Amino acid sequence: MNIEQRGYVSIINIVLVSITIALIAWFGFTITRTPCNQQLHYRIGELDNRFELSQDQFTSVLLDAENIWEQPTGLDLFVYDPEAEFTVNLVFDERQANFLEKQALERDIDTGAEDFKKVEEEFLSKKSVYDTDVANLTQEINYWNSQGGAPAEEFERLESERMRINGLASELNILAKRYNALADELNIRIEEFNLDVGRIFDQGEYTGEEINIYQFETTKDLRVVLAHEFGHALTIDHLNNPQSIMYHLMQEQDLDSPHLTQEDVDALHQVCANKNNFFTQLFDGSN
Ligand SMILES: [Zn+2]
C-alpha cells in the first residue's frame, strides 16, 4: 500500500537496498568459512608424547576421521596442510592423567583378583584337610571314651594330633584374615573404578581456531572424538540420535566402523544450505 502510494522511485530504492543488504550478507558469509565451498585446511599443532602416539599415527587417525564425513557425502571438506593456521592438538591434562590412573587401577584390580583367588584356593584346600583331621580325631576320642579311656601312649598321640590340628586352625585364621582384607581392598578399588561413568564429549573441543583433544582410550576412540570435533568445525551442533557422531555423548556410536547417521548427513546438508542461502537466492532464485 505505502509503496504504491509513494510511487515508482521508492520501489527501486527498496529493491536496491535489499540487493545491497543481500550482497553484504553474502560477502560476510564468504569471509567466514563456508564448509561446503571452502575446505578446512588444518595441521597438527601440539602433540604431547604422554599420549604415546606418533605424528604418523595421529595423521592416519585424522585422515580416518575426515573420511567419516567425506566418504558418504562425496565432499572434500578437510585438507591436511602443513602450512595451515588451523591446528589439531593433543593436549595432556588431568583428564588423560585420570584415565591413565584408572587404567592402572584396573590392572591393580586384576592383580588383586588373582591374589585373592590364590589365597582363597589355599584356604579352601587347608580347610578341607583340617575338617577331615578334626573328624578323624573326634572319632578316635569317642572310641577311646567308649572304652573308658585311652592307654597312655595312645592318649599322647591323640594330644599331639590335637595340637597339630590347632596349629592348622590358626594358620587358617591368618589366611582368612588375608582373604577378607584382599576382598575389602578389591571392593574399594572396584567402587572407585565404577565412580567414573558416562563420557561426555568434553574430551575434545573446537574453539573456532583449533581443535584440542584432551582424552582418549584407544585410536578408535580418538577417531570418533576427532570426527565429532570436525563436525563442530563444520558448524554442526549436537543431535538427538545417540548413534550420531554429533550426539553429545560418546556411547552408542560404532567405534569399530564409525559412520554418519541420517541425522548427521541431514545436519551437514542443512549447514551447507544455510551458508549458501544468499548465494542460492541471488543467482539461482530457488530455496
Ligand atoms: Zn560436541
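**Two helix pairs and a pocket**

In this predicted model, let's start where helix H3 touches helix H6: Phe 58, Val 61, Leu 62, Asp 64, Ala 65, Glu 66, Ile 68 and Trp 69 from H3 meet Thr 219, Leu 222, Arg 223, Leu 226, Ala 227, Phe 230 and Gly 231 from H6. Sort those residues by class and you get 10 nonpolar, 2 polar and 3 charged.

Now for how the two helices sit against each other. H3 covers residues 55–73 and H6 covers residues 219–233, and their axes come within 8 Å, crossing at roughly 55°. H3 and H6 are therefore oblique to each other. As for the hand of the crossing, it's right-handed.

Next, take a look at H4 and H5, whose axes also come within 8 Å, but here the crossing is at roughly 160°. An angle over 145 degrees counts as roughly antiparallel, so that's the label for H4 and H5. H4 passes H5 in a left-handed crossing. The contact between them is made up of 25 nonpolar, 1 polar and 19 charged residues.

These two helices bring us to the second largest pocket, since H4 (94–146) and H5 (152–195) each supply at least two residues of its lining. The full set of lining residues is Leu 137, Ile 141, Trp 144, Asn 145, Gly 149, Ala 150, Phe 155, Leu 158, Glu 159 and Arg 162. By class, that lining splits into 6 nonpolar, 2 polar and 2 charged residues. And how much space lies in the second largest pocket? About 160 Å³.

Definitions and conventions
Residues numbered from 1 in each chain as written. Predicted model: local features only at pLDDT ≥ 70, side-chain atom pairs only at ≥ 80, totals over all residues. Heavy atoms only, no water. Axes fitted to C-alpha atoms, helices over the stretch in contact; angles between N-to-C directions. Helix = DSSP H or I, 4+ residues; strand = E, 2+ residues; numbered from the N terminus. Parallel < 35°, antiparallel > 145°, perpendicular 65-115°, else oblique. Left-handed = near helix turned anticlockwise from the far one by under 90°. Contact = heavy atoms within 4.5 Å. Nonpolar A, V, L, I, M, F, W, Y, C, P; charged D, E, K, R; others polar. 1 Å grid on protein atoms, 1.4 Å probe; cavity = no way out; pocket = protein on both sides within 12 Å on 5 of 7 lines; lining within 4 Å. Points joined across faces, edges and corners; volume = space filled by probe spheres on them.
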